[in-house]
Amino acid sequence: MAKLNVYNMKKESVGSIDLNDLVFGAEYNEALIHQVVVALHNNARQGTKSTLTRSEINATKKKIYRQKGTGNARHDEKSAPQFVGGGVVFAPKPRDFSQKINKKMRDIAFSSALSQKIRQEEVFILDEVKFADNKTKAASEFLKTFGLNKRTIIVTDGKDEGIVKATGNIQKVSCEDVMLLNVTDVVENTFLVFTKNAIKKLEEAYV
């Protein structure tokens with residue numbers, strides 16, 4: 001069973017927490033993580049992109065000029081793709097990009113990604129995350145104290161408007177409710193900062 005230190009906002013250890021191996025001790029499965037992340041991205045695609053082919057262009061089908069004798073290249077109607085306003089070659093059409101992934105696959109990939117982050121020492125647990133007056137300056141000082149100089153996600157027990165406000169103008173920093181966290185959030189952020197309550201709620205949800 002993994003044990004991590006619990007810190008305060010000044011990076012002072014204020015205790016420790018035991019993490020359940022069922023969630024935070026999984027083997028690293030890169031192939032499954034990749035499959036699930038790709039599926040989640042595809043499922044988020046609207047698939048509504050659509051353009052017209054030459055046969056769908058509402059234009060005259062008359063030949064633009066006679067075949068021979070003009071000195072110009074031989075052309076057909078104005079709706080041909082080489083003309084401005086003409087149709088698109090292999091025009092994209094609405095389609096469904098969704099891929100089916102079952103709950104067990106998502107859970108295993110999520111656990112695997114989280115466990116790897118812990119092994120890489122890229123997970124921090126705090127007793128609470130509070131920024132003075134919800135100021136960006138306070139959030140910046142916190143990130144500097146913990147050395148969070150790459151993409152970072154702060155995971156809380158429920159949506160925290162104060163944290164959202166304080167980090168809103170800081171690039172590469174985001175905030176998420178623990179119950180909405182997924183494997184994409186884990187792999188696309190270098191550092192994960194959890195509140196103690198968020199970690200407990202996460203374990204309860206997955207064990």
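A crossing of two helices is left-handed if the near helix is turned anticlockwise from the far one by less than a right angle. In the predicted model considered here, the crossing of helix α2 and helix α3 is left-handed in this sense.

Two packed helices are described by the angle between their axes and the distance between the axes. For α2, which spans residues 30-43, and α3, which spans residues 103-119, the axes come within 9 Å and cross at roughly 120°. That angle makes α2 oblique to α3. On the side of α2, the contact is made by L32, I33, Q35 and V36, while α3 contributes M105, R106, I108, A109, S112 and A113. Divided by character, the residues of this contact comprise 7 nonpolar, 2 polar and 1 charged.

The loop between α2 and α3 contains K100, a residue that is exposed, with a relative accessible area of 81%. Although K100 and L40 are 60 residues apart in sequence, their C-alpha atoms lie 9.3 Å apart in space. F90 is likewise found in the loop between α2 and α3, and its relative accessible area of 79% means that F90 is exposed.

Aromatic side chains form a further set of contacts in the model, with a count of 5 aromatic pairs. In one of these, the ring centres of F124 and F191 are 6.3 Å apart and the ring planes stand at 50°, so the pair is tilted. This pair links distant parts of the chain, given that F124 belongs to strand β3 (residues 123-126) and F191 to strand β6 (residues 191-195), with their positions 67 residues apart in sequence. Both F124 and F191 are buried. In another pair, the rings of F131 and F142 have centres 5.7 Å apart and planes at 65°, so the arrangement is edge-to-face. Here too the pair links distant parts of the chain, F131 being in the loop between β3 and α4 (136-146) and F142 in helix α4, 11 residues apart. F131 and F142 are both buried. Ring pairs link these four residues, together with Y7 and F146, into a cluster.

Strand β6 also holds V193, which is buried, with a relative accessible area of 0%. When residues up to four places away in sequence are not counted, V193 touches F124, L126, F142, L148, T152, I153, I154 and V155. Of these residues touched by V193, F124 and F142 are also members of the aromatic cluster. A further member of that cluster is F146, which is 47 residues from V193 in sequence and 10.0 Å from it in space, C-alpha to C-alpha.

The backbone geometry of two residues also deserves mention. Most residues other than glycine have a negative phi, and most peptide bonds are trans. F90, by contrast, has a positive phi of about 50° although it is not a glycine, and D133, also not a glycine, has a positive phi of about 55°. Whereas F90 is found in the loop between α2 and α3, the place of D133 is in the loop between β3 and α4. D133 is exposed, with a relative accessible area of 65%.

Terms used: Residues are numbered from 1 along each chain as its sequence is written. This is a predicted model: local features need pLDDT of at least 70, side-chain atom pairs count only at pLDDT 80 or more; totals for chains, interfaces and linings use all residues. Side-chain values use heavy atoms; hydrogens and water are left out. Axes are lines fitted to C-alpha atoms, for helices over the stretch in contact, and angles run from 0 to 180 degrees between N-to-C directions. Helices (H or I, at least four residues) and strands (E, at least two) are DSSP runs, numbered from the N terminus. Angles under 35 degrees count as roughly parallel, over 145 as roughly antiparallel, 65 to 115 as roughly perpendicular and the rest as oblique. Contact means heavy atoms within 4.5 Å. Ala, Val, Leu, Ile, Met, Phe, Trp, Tyr, Cys and Pro count as nonpolar, Asp, Glu, Lys and Arg as charged, and the others, Gly among them, as polar. Rings of Phe, Tyr and Trp (its six-membered ring) pair if their centres lie within 6.5 Å; planes under 30 degrees apart count as stacked, over 60 as edge-to-face and the rest as tilted. Buried means under 20% relative accessible area, exposed over 50%, partly exposed in between (1.4 Å probe, protein chains only).
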